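Student: I should like a close look at a single part of this model, namely its salt bridges and their surroundings. Please treat them in one connected account.

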Amino acid sequence: DILRKWKQDPGSQSYEMSALDCLGLSEDKAIKKARRKIKNKISAQESRRKKKEYVEGLERRVSIFSSVNEDLKERLSELESINREMQEKIVMLTRSSNSLVGISVQTQTDLPEI
């Protein structure tokens, strides 16, 4: 029971000494062990904090890139539409040009030679 209370509140001197005395540890070793536990706990908290910041940064980047990607998809769609329209105009102009060339050739052959 004392050991459980000490684990919940390792900074408490009364629990620390009585629990450690029950375990048969010397005072010096007990202090070192308690310091190491506290140091590890702080280190673990710091690691979790850094990981959380890193993940949040990645999530922000994903959000930004997703937004840019959507904008680019819209722009691509617009450009594809313009491209289709221009290709249709090329086909129409080519047909028109071919029919004009045909008319021109016919009129030249129909003319009497001088």
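Tutor: The account below begins with the whole chain and then turns to the salt bridges and a surface patch.

This is a predicted model, in which local features need pLDDT of at least 70 and side-chain atom pairs count only at pLDDT 80 or more, while totals for chains, interfaces and linings use all residues. Residues are numbered from 1 along each chain as its sequence is written, and side-chain values use heavy atoms, with hydrogens and water left out.

The secondary structure consists of three helices and zero strands, where helices (H or I, at least four residues) and strands (E, at least two) are DSSP runs numbered from the N terminus. In sequence order the pattern is α-α-α. The pLDDT, which is the predictor's confidence in each residue from 0 to 100, averages 81 over the chain, and 66% of the residues score at least 70. Among the elements, helix H2 (residues 13-23) has the lowest mean pLDDT, 52, whereas H3 has the highest, 90.

The accessible surface of the chain is about 10300 Å², and 56% of this area belongs to carbon and sulfur atoms. Such areas come from the Shrake-Rupley method with a 1.4 Å probe, and for residues only the protein chains shown count as cover. Of the 114 residues, 7% count as buried. Here buried means under 20% relative accessible area, exposed means over 50%, and partly exposed lies in between (1.4 Å probe, protein chains only).

The structure holds four salt bridges, each being a side-chain nitrogen of Lys or Arg within 4 Å of a carboxyl oxygen of Asp or Glu. Arg49 takes part in a salt bridge with Glu46, at 2.3 Å from N to O. These two residues both lie in helix H3, three residues apart, about one turn of the helix. The side chain of Arg49 also meets that of Glu53 in a salt bridge, at 2.4 Å from N to O. Arg49 and Glu53 are four residues apart in helix H3, so about one helical turn separates them. Glu46, Arg49 and Glu53 are thus linked in a network of salt bridges. As for exposure, Arg49 is partly exposed at 38% relative accessibility; Glu46 is partly exposed at 32%, and Glu53 is partly exposed at 42%.

Another of the salt bridges joins Arg75 and Glu78, at 3.4 Å from N to O. Both residues belong to helix H3 and are three residues apart, about one turn of the helix. Arg75 is partly exposed, with 43% relative accessibility, and Glu78 is partly exposed, with a relative accessible area of 43%.

A nonpolar patch on the surface is formed by Ile64, Phe65, Val68 and Leu72, which together have about 400 Å² of accessible area. Patches are made of residues with over 30% relative accessible area and no salt bridge; like charges are joined within 9 Å, and nonpolar side chains (Val, Leu, Ile, Met, Phe, Trp, Tyr) within 5 Å. Leu72 is located in helix H3 (residues 27-110). With a relative accessible area of 53%, Leu72 is exposed.
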